[in-house]
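Open the model in your viewer and keep the sequence panel in sight. The stops below say what to select and what is found there.

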2 protein chains.
Amino acid sequence: MLEQIDLKQSLDKAEYVTLLPRLQQKLYDLHHDIFEARIPVVAAFEGWAAAGKGSTIQTLVERLDPRGFRVVPITPPRTAETHYPWLWRFWQKIPAYGQMVIFDTSWYRRVLIDRIKKEVRRREIQNIFEDIKDFESQLAADGAVIIKFWMHISKKEQAQRFKKLLKKELTSWQVTDEDAAQHKAYDDYLVAVEEMLARTDMPHAPWTIIEATDRYFTRIKVFQTLISAFEARLAKRSAGFGVTALVPLPSEGSRSPVLGQHDLNQRLTREAYQNQINLLQNKLHILGYEVYQQKRPVAMIFEGWDAAGKGGAIKRLTAKLDPRGYIVHSIAAPSGDDKVRHYLYRFWRRLPEAGQIAIFDRSWYGRVLVERVEGFCTESEWKRAYSEINQFERQIEQFGTILIKFWLHISQVEQLKRFQEREQLNYKAWKLTDEDWRNRGKWQDYERALEDMLLKTSTHLIPWTIVEANDKLHARVKVLKTVVDKLEYELKKE
Amino acid sequence: MLEQIDLKQSLDKAEYVTLLPRLQQKLYDLHHDIFEARIPVVAAFEGWAAAGKGSTIQTLVERLDPRGFRVVPITPPRTAETHYPWLWRFWQKIPAYGQMVIFDTSWYRRVLIDRIKKEVRRREIQNIFEDIKDFESQLAADGAVIIKFWMHISKKEQAQRFKKLLKKELTSWQVTDEDAAQHKAYDDYLVAVEEMLARTDMPHAPWTIIEATDRYFTRIKVFQTLISAFEARLAKRSAGFGVTALVPLPSEGSRSPVLGQHDLNQRLTREAYQNQINLLQNKLHILGYEVYQQKRPVAMIFEGWDAAGKGGAIKRLTAKLDPRGYIVHSIAAPSGDDKVRHYLYRFWRRLPEAGQIAIFDRSWYGRVLVERVEGFCTESEWKRAYSEINQFERQIEQFGTILIKFWLHISQVEQLKRFQEREQLNYKAWKLTDEDWRNRGKWQDYERALEDMLLKTSTHLIPWTIVEANDKLHARVKVLKTVVDKLEYELKKE
């Protein structure tokens, strides 16, 4: 593939000097339009060491408004970053709407340097390509422009550049051990680079190969590529993003009444409850330390009807857990940084680190429940969310995260009874809002959304547990028992 | 001091079993009131290893709503955390309004373990006490309840507890090397503990010593202390927070017309500008690498009248800087996490790490400018902000941060001219908002706020630079020259 590239392409200095200010002005104007249109931009620069990534980026941003972009240099992950799924640190850096983030090397490090250094195993590589494709698809579907550059120079050219850099004190530190190792293994790298380009070149996130021998040619081509991408994206601003839903929806008729199969009236006596809950809490107390010692992350999510008893179940779950080992995230409407980025951003940044338990009181499933029913997102957004959520959960599960999902289920009659009780009991009245009554009016809509959700996101590896919750005692014991069983199974597997 | 403590205090089990549920219920109710009143709570647990911090915290939170508190265990700082002033990592964890954060060991680690281990030098200790006092005063002034526990046991008791823990596999890992070292140096610790208690016991952040030999007694006393603190705070909810401004305000008459001394009409020819700016940008390019190599953090802040040319000055400043080495923060009104915490939180989290340049387009001075003039904060809030800001800057300066502050100054006539130009030039029209016109109407109010600000926050070590900005060319050169001079001075000092 890459041997076809004509590395002799170059540009005359006079021509460069004429072209550059024009292109810089053009990019400045487009950058402003992108900002106004709230389009996020991801530009990733990959390429051989000494191919000129740094100086190209500098020329690129020289005339831009510094408030509208951010350059993020990527180094090997810091210790704290290795406690999360590998893409976690890149999710932390995704652009806000209207912002451009330029990555000086990127997540592709994983299939280049880490691969050559054998820090990822052969059989992991395909998974990593999948992770990358999911990541880029998700950003693109959310409206992002994604531009990826591979800056290409020959082995000989690289040698000459290293020599020149090493001569001067001001530049010699720029040639790192990692760079030297790359040069030595140039041919191995070439194989990895070609596979990377072939596997991850997608219409919504294409690679542009830059023949980088001549720096004038390099810069002008980078400018032109960005300008074209911006123009193309601005042109179809109102025409949708061109990424189709990845999972076909089942037709209305094929909907299986998943929830109808559950007997909501399972009950437990107070005495049986007390015995079982104590036993389970004590077991969980010890399993909590085991989680910490085995450095496994755990994520538990609680979804359910209003007044189904999520809060109470979580309280019994955590009662004897060491409070240093868990964290409860209450998920309401997004705000601040969360509000101006991809909807999964706020869950990526709240993922448990290795050895920690994160309990989500409502979760990313809001996208296909409340946001769907209330129209807070578009139809195409919630329709593609099923596959995005499955991709997201697959990634965290593969990192070793123990993921447990609960739907707390009560009948419509039971909910009404609880709402009325809350109104009467003064100390619980604050829990009941007008919104609760409004949501209740949409029971059927929620039920339909719920059936879709259970059908599409319950997998063998990461199933939903439906908790029959008309009886709170039964519900709490079932939650605890499910957690204890799952943790015992997972923690003994090792 | 501590030899006076009666470590034999204890409580009968029967009494404990009766008292505990009542106190738990009481705390549950108060915790809810605290949430409703949006009061932030900081509870710090310090004490001897094996004094029972973990189990006490667990009993404390057992019945609380897990959505309203967070337990934060403090370990030695991670590498990434050492790249910031030492309190940085604690600022990241401060409670949102209405939230309780329980620290299992805390910032006092610095004057205990780190001191004994000689990781802080003798002459640094007094500074650290100052830092701590400033930190707690700032939180308290913002409305936080601060409760600090020292859990005290004798050396003999500690020895017995270690022995017991080490016997069982499930608990033996809890005795760390650090704990063993503490036991050996018990008497040295005692001296450090007593100095800590004496130096940092303040009305708005008092220490409570817990005689921790008997665990029933321990827990009940902790509950009672928290309950009293909550009750006291809720009682004076509307009575102000009782922390007085730390710096006396100068009287109206003593105001010196700082700004009147500057000749706003200094000009530069285009030719002189071009020569100087190129030279300075090239120098800065090299100094940028020096900053990175010497691992010095740099913070530059830009304040100034609307249309004074902050954006243009920042653009010329960054034109030849390696974009991997700097970041521009545009500061608008706070949102999200920033909005529900102490106003300095959002600046602490945006501080440059060692080796990085952070450029603030508007800054923490908003508190004493726009927030003061527009009434976005109360009078007592902006009045105490001068000393809070001085404390904040002192801390980051002592960490080694190079701090440069600019006020871009134009005349009222010049501003009007620029506003009118912007209205006419289509491509700049988006920069001009109704708010700009409104602010202009308050010129005198801003001027008064500005004079106060310059007077109170310009110190010999961290002075303001007034940039005469009627002529943009002059302004840009002065900014660059100031930065180059300061960096050359600071980076050669070492």
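Select helix H11 of chain A, residues 270–294. Its buried residues include Leu280(A), Leu284(A), Leu287(A), Gly288(A) and Val291(A); a residue is buried if 20 or more other C-beta atoms, placed from the backbone, lie within 10 Å of its own, exposed if 12 or fewer, and partly exposed in between. Helices (H or I, at least four residues) and strands (E, at least two) are DSSP runs, numbered from the N terminus. This is a predicted model, in which local features need pLDDT of at least 70, side-chain atom pairs count only at pLDDT 80 or more, and totals for chains, interfaces and linings use all residues. Residues are numbered from 1 along each chain as its sequence is written, while chains are lettered from A and ligands numbered from 1 in the order in which they are written.

Stay on H11(A) and check its length. The 25 residues, at 1.5 Å each, should span 36 Å, and the end C-alpha atoms are 35 Å apart, which agrees; the expected span is 1.5 Å times one less than the number of residues. Next along the chain is Lys295(A), with a positive phi near 55 degrees.

Now select residues 270–294 of chain B, which form H11(B). Here Leu280(B), Leu284(B), Leu287(B), Gly288(B) and Val291(B) are the buried residues. The end C-alpha atoms of H11(B) are 35 Å apart, against 36 Å expected for 25 residues at 1.5 Å a residue, which agrees. Lys295(B), just after H11(B), has a positive phi of about 55 degrees.

Return to chain A and show the whole chain. There are 19 helices and 10 strands in chain A. Its C-alpha atoms fill a box of roughly 85 × 50 × 40 Å along the principal axes. Of its 494 residues, 34% count as buried. Among contacts in chain A with a separation of 6 or more, 84% come from residues 24 or more positions apart; two residues are in contact if their C-beta atoms, placed from the backbone, lie within 7 Å.

Next, select strands S6 to S10 of chain A. In which order do the 5 strands of this open sheet lie? The order is S7-S8-S6-S9-S10, and the pairing is parallel; two strands pair if DSSP finds at least two bridges between them. S7(A) (326–330) and S10(A) (464–468) are at the edges with a single partner strand each, so one side of each has no neighbour in the sheet. From one strand to the next the twist averages 20 degrees; axes are lines fitted to C-alpha atoms, for helices over the stretch in contact, and angles run from 0 to 180 degrees between N-to-C directions. Zoom in on S7(A) and S8(A) (residues 357–361), which run parallel and are joined by 5 bridges. Ser330(A) has Asp361(A) in S8(A) as its bridge partner.

For the sheet in chain B, start at S9(B). 7 of the 8 residues of S9(B) are buried. S9(B) is joined to S6(B) by 7 bridges, and Ile301(B) stands opposite Lys405(B) of S9(B). Another 5 bridges join S9(B) to S10(B), in parallel, and Trp407(B) has Ile466(B) in S10(B) as its bridge partner. Add H12(B) (residues 310–318), which lies across S6, S7, S8 and S9 of chain B and runs at about 155 degrees to S6(B).

Back in chain A, select H5 (residues 125–141) and H15 (residues 379–398), which pack at about 145 degrees with their axes 11 Å apart. Which residues of H5(A) meet H15(A)? Asn127(A), Asp131(A), Asp134(A), Gln138(A) and Ala141(A) of H5(A) meet Arg384(A), Glu388(A), Gln391(A), Gln395(A) and Gln398(A) of H15(A). The contact of H5(A) with H15(A) has 1 nonpolar, 5 polar and 4 charged residues; Ala, Val, Leu, Ile, Met, Phe, Trp, Tyr, Cys and Pro count as nonpolar, Asp, Glu, Lys and Arg as charged, and the others, Gly among them, as polar.

Last, show both chains. In total 34 residues of chain A are in contact with 34 residues of chain B. H2 (53–61), S2 (69–73), H12 (310–318) and S7 of chain A each supply at least two residues of the side of chain A that touches chain B. By class, that side of chain A has 13 nonpolar, 8 polar and 13 charged residues.
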